[in-house]
Amino acid sequence: MAAAEGGRNLTLADVTVTDERVARRAVMAAAIGNLTEWYDFGVYSYLTAIISKVFFANLSPGLATVATLATFAASFLIRPFGGLFFGPLGDRIGRTKVLATTVILMACGTTLLGVIPSYAAIGAAAPVLVLFGRLVQGFSTGGEYAGAMTFIAEYAPDNRRGFLGSWLEFGTLTGYTFGASLVTLLTAVLGDQRMLSWGWRIPFLIALPIGLTGLYLRLRLEETPAFEQLVAKSPQHGGTAIRDEFRLIFTRHWRALLLVGGLVIAWNVTNYMLTSYMPTYLTTTLPRHGERGTSSTVANVLQIVVLLVLMVLVTFLGRLSDRVGRRPVLMTGSLALVVLGVPMVLLLQVGGIGPTFLGLMMMGLSLVCFSSTAPSTLPAMFPTEIRYGGLSIAFNIFVSAFGGTTAAVMSALILATGDLLWPGYYLVAAGVVGAVCVYFVPESARRPLAGANPAVASEEEARELVAQAQADR
């Protein structure tokens, strides 16, 4: 790079050196919030059958399942409002304060589900309270994930942003796997009857101490270097005014908004298909339509194994994206969905441990191409002054419309048409959208974030960067 931002020659003062210990703490603090969010999703997904019996006992089994999944989807309908509220606020007052708020709200929303009386005890008030808990969780999540992506991206050195960003999804997989494993263990130990009576409440109650841990870690961190640079340049010594932010996002950066949305569709349709709908599809939907299906225990174990494999791969692929670029990894995932979307669902219909595991693993390997790379790709598409807000708005609108509704839409479409291949069709469509967007997304690997100084991991790297810039003049 020959010059710093604003046309000045690049000097050591223009290069941000991120302390490795601080960067690790930032990654941990961001990832534990994501762990809290996905722990909740894992628990809710694996307890769908019990939740439908406890809170929707007045409905038929089929409608109760749809109502339970629709309540899950309702939390996504409010996510854009959380993004509209927390995102611009994070660009105004800072990332750390907002992320401390979202993590504790998420934990409280999840914990609430563990103390709500059943339908048999309080009637229609029970599902209403469940909906309220999901809305609290969804509103806070609207400011959580985009903020965590922003937080890590702004702390990471330019040549390690893919690797460090992939740890955010390691937190996702850890949270979901922990939730799923805990439900599976409790079911095996307590048995179906005690699990239905009171055991299902335990996983929801555990969310509170997890959230408090995340709050402690986040409160110990300072603001990101990129945000501090923004504040230092501002005459008001603050971030972007909210009115200016909305104007910039929807007039000057609408193209980035749409490209982020397309990548979010491909990523999150696959994500929620695997993590939210597959437990119901394998254990309830297939047997209900005369197919072999899979027992609850076997389905849980197979999916946990797949998630453990993804946990091993996700950071390796994140590191790979720092070397070969983000676009090749993202395009691989998109094309895999297009080519393998229907075959992987056909394998699930065959039944048996082998075909079911292979189908789930194919879906998981497609997903990890996005999970490893998108957390470092998406923040780079907005400048510092609107990064949190632009990312929150784009991410949550498209997650709400296409990702979080996946389970409910699949359940309703199969119920209406009887066609068990709808998950495959949906994955193919998501892959097409992803491939088109990847084609237009600029490569961001090993490059500074827009509106921020170049970032390196040591003083030696900073001197080498300045020397190289001067040699290129």
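A charge is said to sit over a ring if NZ of Lys or CZ of Arg is within 6 Å of the ring centre and within 35 degrees of the ring normal. The legends below describe close-up views of a predicted model.

**Figure 1. Arginine side chains placed over aromatic rings in the predicted model.** In one view, the charged end of R134 sits over the ring of Y44, at 4.7 Å from the centre of that ring. In a second view, the ring is that of F163, and the charged end of R319 sits over it at 4.1 Å from its centre.

**Figure 2. Aromatic pairs, with the edge-to-face pair of Y439 and F440 in close-up.** A pair of aromatic rings is described by the distance of the centres and the angle of the planes. The count for the model comes to 19 aromatic pairs; among them is the edge-to-face pair formed by Y439 and F440, with 5.1 Å from centre to centre and 85° between the planes. Y439 has a relative accessible area of 59% and is therefore exposed, whereas F440, with a relative accessible area of 45%, is partly exposed. Elsewhere, W38, Y46, Y176 and Y272 are linked by ring pairs into a cluster.

**Figure 3. Helix 10 and the side on which its buried residues lie.** The 13 residues of helix 10 (residues 207–219) should span 18 Å at 1.5 Å a residue, and this agrees with its end C-alpha atoms, which are 18 Å apart. The buried residues of helix 10 are A207, I210, G211, G214, L217 and R218. Because these residues cover an arc of only 120° around the axis, they are on the same side of helix 10. An α-helix has 3.6 residues a turn, so residues three or four places apart point the same way. The buried residues of helix 10 pack against helix 1 (20–46), helix 5 (95–113), helix 7 (125–155), helix 8 (161–199) and helix 9 (201–205), while on the other side of helix 10 Y216 and L219 are exposed.

**Figure 4. W198 of helix 8 and its spatial relation to G114.** W198 is placed in helix 8 and, with a relative accessibility of 40%, counts as partly exposed. Although W198 and G114 are 84 residues apart in sequence, their C-alpha atoms are 9.4 Å apart in space.

**Figure 5. D158 in the loop between helix 7 and helix 8, with its contacts to R446 and other residues.** D158 has a relative accessibility of 7% and therefore counts as buried, and its side chain is joined to that of R161 by a polar contact of 2.6 Å. When neighbours within four places in sequence are left aside, D158 is in contact with R446, R447, P448, L449, P454 and A455. One of these contacts, R446, belongs to the loop between helix 20 (422–440) and strand 2 (455–456); R446 counts as partly exposed at 45% relative accessibility, and its phi is near 60°, a positive value in a residue other than glycine.

**Figure 6. D91 of helix 4 and its surroundings.** D91 lies in helix 4 (residues 79–93) and counts as buried, because its relative accessibility is 0%. Its contacts, leaving aside neighbours within four places in sequence, are F227, G239, T240, E245, T384, E385, I386, R387, Y388 and G389. For T384, the separation from D91 is 293 residues in sequence and 8.1 Å in space, C-alpha to C-alpha, and for Y388 the backbone nitrogen is reached by the side chain of D91 at 3.2 Å.

Technical notes
Residues are numbered from 1 along each chain as its sequence is written. This is a predicted model: local features need pLDDT of at least 70, side-chain atom pairs count only at pLDDT 80 or more; totals for chains, interfaces and linings use all residues. Side-chain values use heavy atoms; hydrogens and water are left out. Helices (H or I, at least four residues) and strands (E, at least two) are DSSP runs, numbered from the N terminus. The expected span of a helix is 1.5 Å times one less than its number of residues. Buried means under 20% relative accessible area, exposed over 50%, partly exposed in between (1.4 Å probe, protein chains only). The arc is that of the directions from the helix axis to the C-beta atoms. Contact means heavy atoms within 4.5 Å. Rings of Phe, Tyr and Trp (its six-membered ring) pair if their centres lie within 6.5 Å; planes under 30 degrees apart count as stacked, over 60 as edge-to-face and the rest as tilted. A polar contact is a pair of N or O atoms within 3.5 Å; within protein, one must be able to donate a hydrogen and the other to accept it, and residues adjacent in sequence count only if both atoms are side-chain atoms.
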